Amino acid sequence: MERTKHCVAYFISDHGFGHAARSGPVIAEFIKQGIYTVVVTSVPQWFLEETLPHCDGTTWEIIHTQTDVGVKQVTSVELDYDQTVKDLTLLWDNKVPQILEQIPPQLKKLKVEVILFDTPAIGPLIAEKIGVPSVAVANFTWDMIYKPVESSTPSLKRFIDNHKQIYSKTTLFLELPYSEKNIFPGVEKLPVAFLGRQAKVDKATVRRELNLEGDNNNNNNKDQGRKLILYSFGGHDFSPLIAKC
């Protein structure tokens with residue numbers, strides 16, 4: 001594919017793989033249109049390549065670096081805000097100054113024209129630094145996530161204020177379905193449809209590979225065909241939580 005003169009950067013949250021999963025189809029469309037894309041994240045390259053073509057530098061490239069913290073999780077329903085504060089402090093006091101020194105020159109050299117982000121605050125921060133528009137692709141922001149526990153974790157206030165101030169620099173907010181109210185106040189908003197990857201295997205194959213049907217040789221197996229609910233991603237150990245129940 002012949003590359004156009006256009007180039008964008010896409011900053012993806014390091015918190016789990018969900019942000020990368022919904023960013024993938026957008027990046028794939030950029031590539032399809034011949035727009036060279038620079039992905040900035042610590043999400044593993046192999047995960048992105050499940051949606052995107054092999055990263056050989058002809059249609060896209062990846063800059064591996066931490067982009068945000070999100071929330072430190074014990075399980076998908078247990079959050080550790082004290083550790084979150086420690087991780088945020090390390091990121092913003094030690095790592096962000098280095099990122100702001102190293103990443104902008106690389107993006108300028110590639111002639112990046114716009115920065116999209118889902119939803120690390122360093123996205124609009126770097127966009128401002130190199131003088132290009134920033135576009136949020138989101139249904140929540142991290143300051144909104146931290147705000148409800150500010151009273152019990154006062155040290156989060158610094159990062160709530162920091163994120164809110166940086167997010168206000170955003171040029172355009174692409175509002176995903178079920179977005180939280182009042183995020184990106186004062187920023188131009190454009191509602192968009194759901195984003196996500198399409199399944200590559202059918203339901204029966206997934207159930208078989210995860211051994212969710214029990215003994216497939218037993219035609220009377222009561223597990224066959226039963227409805228199942230996916231409760232959590234992330235490989236968390238729920239045994240301590242279950243023991244409390």
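This section describes helices, salt bridges, cysteines and two selected residues in a predicted model.

Helix α1 covers residues 18-32. Its length fits a regular helix: at 1.5 Å a residue, the 15 residues should span 21 Å, and the end C-alpha atoms lie 22 Å apart, which agrees. The helix nevertheless bends by about 30 degrees at Gly24. A proline, Pro25, follows within four residues of that bend. Gly24 itself is buried. The buried residues of α1 also include His19, Ala20, Ala21, Arg22 and Ser23. Further along, Val26, Ile27, Phe30 and Ile31 are buried as well. Just after the helix, Gly34 adopts a positive phi of about 80 degrees.

Helix α3 comprises residues 81-109. Asp80 caps its N-terminal end. A side-chain oxygen of Asp80 sits 3.3 Å from the backbone nitrogen of Asp82. The helix is kinked by about 50 degrees at Lys95, shortly before the proline Pro97. Its buried residues include Tyr81, Thr84, Val85, Leu88, Leu91 and Trp92. Val96, Ile99, Ile103, Pro104 and Leu107 are also buried in α3. Part of this list can be read against helical geometry. An α-helix has 3.6 residues a turn, so residues three or four places apart point the same way. Among the buried residues of α3 are Leu88, Leu91 and Trp92. Just after α3, Lys111 takes a positive phi of about 60 degrees.

Six salt bridges are counted in the model. One of them joins Asp93 to Arg158, with the closest N and O atoms 2.4 Å apart. Asp93 belongs to α3 and Arg158 to α6, so this pair ties together parts that are 65 residues apart in sequence. Both partners are partly exposed: Asp93 has a relative accessibility of 38%, and Arg158 has 41%.

A second salt bridge lies within helix α6 (residues 157-167). Here the side chains of Lys157 and Asp161 meet, at 2.6 Å from N to O. The two residues are four apart in α6 and are therefore separated by about one helical turn. Lys157 is partly exposed, at 40% relative accessible area. Asp161 is partly exposed too, at 36%.

Lys147 and Glu150 form a further salt bridge, and their closest N and O atoms are 2.7 Å apart. The two ends of this bridge fall into separate exposure classes. Lys147 is partly exposed, with a relative accessible area of 44%. Glu150 has a relative accessible area of 17% and is buried, because the cut-off for that class is under 20%.

Helix α6 also holds His163. This histidine is buried, with a relative accessible area of 2%. Beyond its sequence neighbours up to four places away, His163 touches Leu88 and Trp92. Both of these contact residues are among the buried residues of α3. The remaining contacts of His163 are Ala121, Trp142, Asp143 and Tyr146. Helix α6 thus meets α3 through the Asp93–Arg158 salt bridge and through contacts of His163 with Leu88 and Trp92.

A search of the whole structure finds zero disulfides. Cys7 is in no disulfide, and the nearest cysteine sulfur, that of Cys55, is 13 Å away. A disulfide is a covalent bond between the sulfur atoms of two cysteines. The 13 Å from the sulfur of Cys55 to that of Cys7 is too far for such a bond, because the cut-off is 2.5 Å. Both cysteines are buried: Cys7 has 0% relative accessibility, and Cys55 has a relative accessible area of 15%.

Leu195 lies outside the helices, in the loop between β9 (188-191) and α7 (203-209). At 30% relative accessibility, Leu195 counts as partly exposed. Its contacts, leaving out residues up to four places away in sequence, are Arg22, Val26, Val137 and Leu176. Two of these, Arg22 and Val26, are buried residues of α1. The loop residue Leu195 therefore touches the helix that bends at Gly24. Along the chain, Leu195 and Arg207 are 12 residues apart, and their C-alpha atoms are separated by 24 Å.

How values were computed. Residues are numbered from 1 along each chain as its sequence is written. This is a predicted model: local features need pLDDT of at least 70, side-chain atom pairs count only at pLDDT 80 or more; totals for chains, interfaces and linings use all residues. Side-chain values use heavy atoms; hydrogens and water are left out. The expected span of a helix is 1.5 Å times one less than its number of residues. The bend at a residue is the angle between axes fitted to the seven residues ending there and the seven starting there. Buried means under 20% relative accessible area, exposed over 50%, partly exposed in between (1.4 Å probe, protein chains only). Contact means heavy atoms within 4.5 Å. A salt bridge is a side-chain nitrogen of Lys or Arg within 4 Å of a carboxyl oxygen of Asp or Glu. A polar contact is a pair of N or O atoms within 3.5 Å; within protein, one must be able to donate a hydrogen and the other to accept it, and residues adjacent in sequence count only if both atoms are side-chain atoms.
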